[in-house]
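Dear colleague,

I am passing on the structure below, together with notes on what was found in it. Please read the notes with the coordinates open beside them.

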Amino acid sequence: MPQPQTQRQRIGVMGGTFDPIHHGHLVAASEVAAKFELDEVVFVPTGRPWQKLQDPKDHVTDSEHRYLMTVVATASNPRFTVSRVDIDRPGYTYTIDTLRDLHAQRPDAELFFITGADALARIMTWKDIDELQSLASFIGVTRPGHILQDNGLERLELLEVPAMAISSTDCRERVARGEPVWYLVPDGVVQYINKYELYVDRSISLREAKDHG
């Protein structure tokens, strides 16, 4: 008697610097999981993001801090997990390596790579793009008012997510100016940032100390 076929797990892969992770990332992952009936969303903090480290002025927070903030932010959702594959791999982080590693770990799963509109605009320049398309389908998320284009990808779905108007850059700049980021990032991440004094603009602090000295 033939055995019934086991349905493949549908796994979302949300890569990003997560510097810091914010509610836009979490809402996007939740919306994608619901719409595309994903069994799990794996958040994958980048190790050394090659696109963000080409300019000497660019700075990315230590990977362990970004990993731990992502763990804190996702801990309450049983459908969310966090992977260390990118931060444990030496050298620059490329999406092709991320998907190769996750495919090796979950060979029977169907992978869906979740990415933002800014990344999609450059996606055809990514390393080994043909192999990328063979390893995963792509889901592009954007904020209202921004048009997403498919850019030649064979397997691409698009989803508008209002919360994507929040940006990590804005969160970092607010912290540096001494402004609150409550409700932009999860409470536990706010506390983590404060505990380890991440994103503090020490030059501003020194100027203020001199002004009041």
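In which loop is aspartate 128 found? Aspartate 128 is in the loop between helix 5 (117-120) and helix 6 (129-135), where helices (H or I, at least four residues) and strands (E, at least two) are DSSP runs numbered from the N terminus. Phi of aspartate 128 is positive, near 55 degrees, in a residue other than glycine, and aspartate 128 counts as partly exposed, at 37% relative accessibility; here buried means under 20% relative accessible area, exposed over 50%, and partly exposed in between, with a 1.4 Å probe and protein chains only.

On conventions, this is a predicted model, in which local features need pLDDT of at least 70 and side-chain atom pairs count only at pLDDT 80 or more, while totals for chains, interfaces and linings use all residues. Residues are numbered from 1 along each chain as its sequence is written, and side-chain values use heavy atoms, with hydrogens and water left out.

The protein chain has nine helices and six strands, and buried residues make up 44% of its 213 residues. Of the contacts (heavy atoms within 4.5 Å) with a separation of 6 or more, 68% join residues 24 or more positions apart.

Proline 20 sits in the loop between strand 1 (10-16) and helix 1, and the peptide bond that leads to proline 20 from aspartate 19 is cis, with omega near 5 degrees. The buried residues of helix 1 include Leu26, Ala29 and Val32. After helix 1 comes glutamate 37, in the loop that runs to strand 2 (40-45); glutamate 37 is not a glycine, yet has a positive phi of about 55 degrees, and is exposed, with a relative accessible area of 61%.

In helix 7 (residues 168-176), the buried residues are Ser168, Cys171, Val175 and Ala176. Seen down the axis of helix 7, these buried residues fall within an arc of 135 degrees (taken from the directions from the axis to the C-beta atoms), so they line one face of the helix. Glycine 178, just after helix 7, takes a positive phi of about 80 degrees.

Asp19, at the cis bond, is also one of the residues that line the second largest pocket, as are His59, Thr61, Thr169, Arg172, Glu173, Leu198 and Tyr199. A pocket is an open set of points on a 1 Å grid over the protein atoms alone, where a 1.4 Å probe fits, with protein on both sides within 12 Å along at least five of seven lines, and lining residues have an atom within 4 Å of a point.

Best regards
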